[in-house]
Amino acid sequence: MQLKDSFIIDKKALAAGSCAYPKVDSWDSQSIDCCSWDGIECDQNTGLVLGLDISSSCLYGSINSTSTLFRLVHLQKLNLADIHFNYSVIPYALGNLSMLTNLNLSRSEFSGQIPSEISNLHRLSSLDLSYVDLASPIPSVLANLSSLTSINLHSCGLQGMFPLDIFQLPKLETIWLVNNSDLKGYLPEFNFSTKLKELALGNTNFSGELPASIGNLDSLEYLGLYNCKFSGSVPSTLGNLPNLKYLNLGNNSFTGLVPPTLGNLTKLYKLYLQSNYFTGVIPSELTNSTQLTHLILFGNMLQGSVPSSISRLEKLNFFHCDYNRLGGLLEMDAFLELKDLQYLFLSLNDFNLVSRNDSNASRPQAQLVDIGLRYCHLREFPYFLRHQHRLELLDLSSNNIQGQIPQWMSNVSVETLWFLDLSNNSLTGFDEFPLVLPWSKLNYLKLDSNILRGSLPVPPLSTVFYSISNNYLNGEIPELLCNLITLSILDFSYNNISGGIPACLSNFSKSLLVLK
């Protein structure tokens, strides 16, 4: 009851969603048995309090080491997540709770460093301090907690070097250090006895090369090393991890070839290798990982073409290889056979994309959501687009598409398309389109640098960005433009438009930022 009285219930003190209901409301000093109160777990035989969970209870107040909480010396589980502790320091008296196995202080408004007394918790199995503003180094004494299986220090503002010994804790299975941009460190040599299942270091300052001994982590299921400073070549031993499901090496400085041995990872469903310096070809062996749903390769220096065996990846949902040096003939049908494919990005390579006009419309095709085909040497609108009804993004810019935008395009994804970029082609106009363009959800329309003639096309009411500069449009500004009340960017500069500027343009859109 003293603990309850040291807080106030304030549903506004915490971020939205972190206040569930005030558990301590059920605590009543008139009730003899505290074991029946919300959030309290007792030993049925002795009546001793073993568990206290007052997380997400809308509590606000300070706490220190004199709190009566720390007299509950038999506690095994303590969950104080989502409590606004008014930026108190983490009490050193936590070290008195020597029976603790689970400690959760995540998203609680503590501040300051982890007290060294936490090393007294020799039975501690799970430690979660995620989203607590520690803004300090990790005390090396954490490496003394030999019972730890899980440590979560996500988004804690950690600084300095990460103690290497923590990686070697004998029972450690999960380590999350994501979003600590000032935390430095490197990976140790791993032995076969290491039980790691999840290693998440994304958005940290970890650096160095990946040790070949990473292939000893037989239990590893999740390896997230994105947005770090790792370098060197990726060891082929990564292909030795029989249980790996998620691998993200994106946004580092890795060099050399993509190891073909990654095709040995039969359980892998997400592979991110973007924004590195990988060279050579996309190994055809990758298509042996038939569970892949995401294959992300953009922003490297890969050459050759996409392996024709890509059609083996029957579960592939997301393929992204923009900004590489890939090229050669690429048949669109290989992708359309992938029934689960929704996101396809092939832009800014040197592909010659072939889309057969005799595609059998009765055969099921992938229903794509986002397609990026910028700079794919297209000479016409790809035939397969006729059968796409769920498109949200379509980028066909910087190709060699000539003539009119075909009439059938006015029926493509009319209820879903929000982004359309047809700029930098040789388009001359719209073939039998309605007066107002038909895509009812369109938000972004870019038609610059074509040879469009005739009057200025009117986009739908939903449009926010409309750019159609550097064309041969003529006639007057249509007054229908004044209906576009959500427009922020309007650019029809460098055309042959004449006549007066409609008076209604002076007040048609309160959100207008750019008018050219």
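**Surface, core and a small sheet**

At 34% relative accessibility, Val436 counts as partly exposed (buried is under 20% relative accessible area, exposed over 50%, with partly exposed in between; 1.4 Å probe, protein chains only). The model is a predicted one, so local features need pLDDT of at least 70 and side-chain atom pairs pLDDT 80 or more, while totals for chains, interfaces and linings use all residues. Numbering starts from 1 along each chain as its sequence is written, and side-chain values use heavy atoms, leaving out hydrogens and water.

Val436 sits in the loop between strand 31 (426–430) and strand 32 (444–446); strands here are DSSP E runs of at least two residues, helices H or I runs of at least four, numbered from the N terminus.

Turning inward, the largest nonpolar core has 146 residues, and Phe319, Phe335 and Leu346 have the most contacts inside it. Such a core is a set of buried Ala, Val, Leu, Ile, Met, Phe, Trp, Tyr and Cys residues joined through side-chain atoms within 4.5 Å. Helix 2 (333–336) is among the elements supplying at least two residues each, and its three residues are the largest share.

Then there's an open sheet of three strands, ordered 33-35-37 with parallel pairing (two strands pair if DSSP finds at least two bridges between them). Strand 33 (453–454) and strand 37 (496–497) are at the edges with a single partner strand each, so one side of each has no neighbour in the sheet. Strand 35 (residues 472–475) is joined to strand 37 by two bridges, and Asn474 has Asn496 as its bridge partner in strand 37.
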